[in-house]
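Morning, everyone. Please bring up the model on your screens, and I'll walk you through some of its helix packing.

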Amino acid sequence: MTAFDTADITRQLRAAGCVFAEDEARLLIGAAASDTELTALLARRIAGTPLEHLLGWVQFRGIRIGVRDGVFVPRQRSALLVDEALGLAAVRPVRTVVDLCCGSGALGLALLTELGTRSAELVAADIDPVAVACARENLAAVGGPVYRGDLFDALPDTLRGRIDILLANTPYVPSSLIARLPPEARDHEPPMALDGGPDGLDLARRTAAGAPGWLAPGGSLLIEIGVDQIPAATELLTGSGLVARIVRSPDLDATVAVGRRPAATSAR
Ligand SMILES: C[S@@+](CC[C@H](N)C(=O)[O-])C[C@H]1O[C@@H](n2cnc3c(N)ncnc32)[C@H](O)[C@@H]1O
């Protein structure tokens with residue numbers, strides 16, 4: 001690099017409102033192959049493009065996950081879904097993991113990696129072809145197929161009644177609040193990855209309704225929700241015949257609703 005130095009780039013990023021300007025400057029400098037490229041990256045970052053889309057990756061639970069324009073950037077708070085799934089796997093064998101609404105595939109990839117890639121099969125699905133292409137690249141290393149389609153419609157019938165862990169980070173922002181999201185999300189992530197309908201739970205509701213037919217007896221559905229959605233999420237899981245439980249991490253500012261299919265019921 002000749003035209004720029006780290007301090008100058010940090011100053012520009014800080015002026016644009018980047019909280020971790022020094023880290024971002026270092027990462028952008030590392031990602032650029034030339035001064036011209038660095039100028040272009042810096043301009044896009046200052047204009048609000050998420051850092052992760054510029055770098056092409058995000059670090060999630062110690063794994064470098066590929067992300068690209070138009071794909072939801074995995075949030076660090078979603079580590080709670082993986083923690084909770086690992087907790088369930090510690091008390092009950094997990095053979096089949098499904099990452100529904102998979103986006104980049106970060107959640108399924110992190111879970112399978114931490115469970116041990118040989119101990120379980122991973123299947124992922126998303127409705128958005130851009131997300132499906134991204135997840136296919138990320139999951140190639142662990143051999144997990146990624147299907148495209150609307151929620152359970154995407155999955156092969158052979159999975160019915162067999163899923164031990166069903167991760168579903170469904171969009172959960174109420175439609176009326178989308179306009180208040182930070183520009184990085186509002187302007188650079190697809191609305192269908194964010195907008196959960198009037199109360200934010202449209203997709204969660206449909207997922208819970210379908211889950212009993214796909215979960216193995218004793219298997220669990222894990223959905224990330226907002227803290228103010230706890231009562232409604234509990235009700236929709238219970239209403240679907242699942243045993244509901246809420247997990248909250250103040251450190252991650254994350255909430256997960258868990259719905260377990262009772263071991264004795266038959267699939268609906
Ligand atoms: C909040 S993002 C979560 C992505 C990923 N699981 C993560 O945590 O990084 C929600 C994802 O749901 C997908 N999605 C939205 N509606 C869907 C539907 N009807 N069926 C399947 N996927 C859907 C979006 O394309 C998006 O990738």
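I'll take the domains, then three helix pairs, then one database annotation.

A reminder before we start: this is a predicted model.

Domains. The assignment splits the protein chain into domain 1, residues 6–47, and domain 2, residues 76–260. How far apart are the C-alpha centres of domain 1 and domain 2? The distance is 33 Å.

Now helix α1, residues 6–15, and helix α3, residues 35–46. Their axes come within 9 Å. The crossing angle is roughly 20°. Angles under 35 degrees count as roughly parallel, so α1 and α3 are roughly parallel to each other. The crossing is right-handed. Who touches whom? From α1 we have Ile-9, Gln-12 and Leu-13. They meet Leu-38, Leu-42, Arg-45 and Ile-46 in α3. By class, that contact has 5 nonpolar residues, 1 polar and 1 charged.

Stay on α1, but turn to helix α2, residues 21–31. Here the axes come within 8 Å and cross at roughly 125°. That angle makes α1 oblique to α2. This crossing is right-handed. On the α1 side, the contact residues are Thr-6, Ile-9, Thr-10, Leu-13 and Arg-14. On the α2 side, look for Ala-21, Glu-22, Glu-24, Ala-25, Leu-28 and Ile-29. The split is 6 nonpolar, 2 polar and 3 charged. Keep an eye on Ile-9 and Leu-13. They are in the α1 contact with α3, and they are in the contact with α2 too.

Next pair: helix α5, residues 79–91, and helix α6, residues 106–115. The axes come within 10 Å, with a crossing at roughly 35°. α5 passes α6 in a right-handed crossing. From α5, the contact uses Leu-81, Val-82, Ala-85, Leu-86 and Ala-89. Facing them in α6 are Leu-107, Ala-110, Leu-111, Glu-114 and Leu-115. What is the make-up of this α5 and α6 contact by class? The count is 9 nonpolar, no polar and 1 charged. The charged one is Glu-114.

Last, the annotation. UniProt, in an unreviewed entry, places "domain: Methyltransferase small" at residues 93–172. In the model, the end C-alpha atoms of that span lie 29 Å apart. The span is 26% helix and 25% strand.

To recap the three pairs: α1 and α3 cross right-handed, α1 and α2 do so, and α5 and α6 do so. Over to you for questions.

Terms used
Residues numbered from 1 in each chain as written. Predicted model: local features only at pLDDT ≥ 70, side-chain atom pairs only at ≥ 80, totals over all residues. Heavy atoms only, no water. UniProt positions renumbered as here; feature names shortened; annotations may be inferred. Helix = DSSP H or I, 4+ residues; strand = E, 2+ residues; numbered from the N terminus. Axes fitted to C-alpha atoms, helices over the stretch in contact; angles between N-to-C directions. Parallel < 35°, antiparallel > 145°, perpendicular 65-115°, else oblique. Left-handed = near helix turned anticlockwise from the far one by under 90°. Contact = heavy atoms within 4.5 Å. Domains from an automatic or database assignment.
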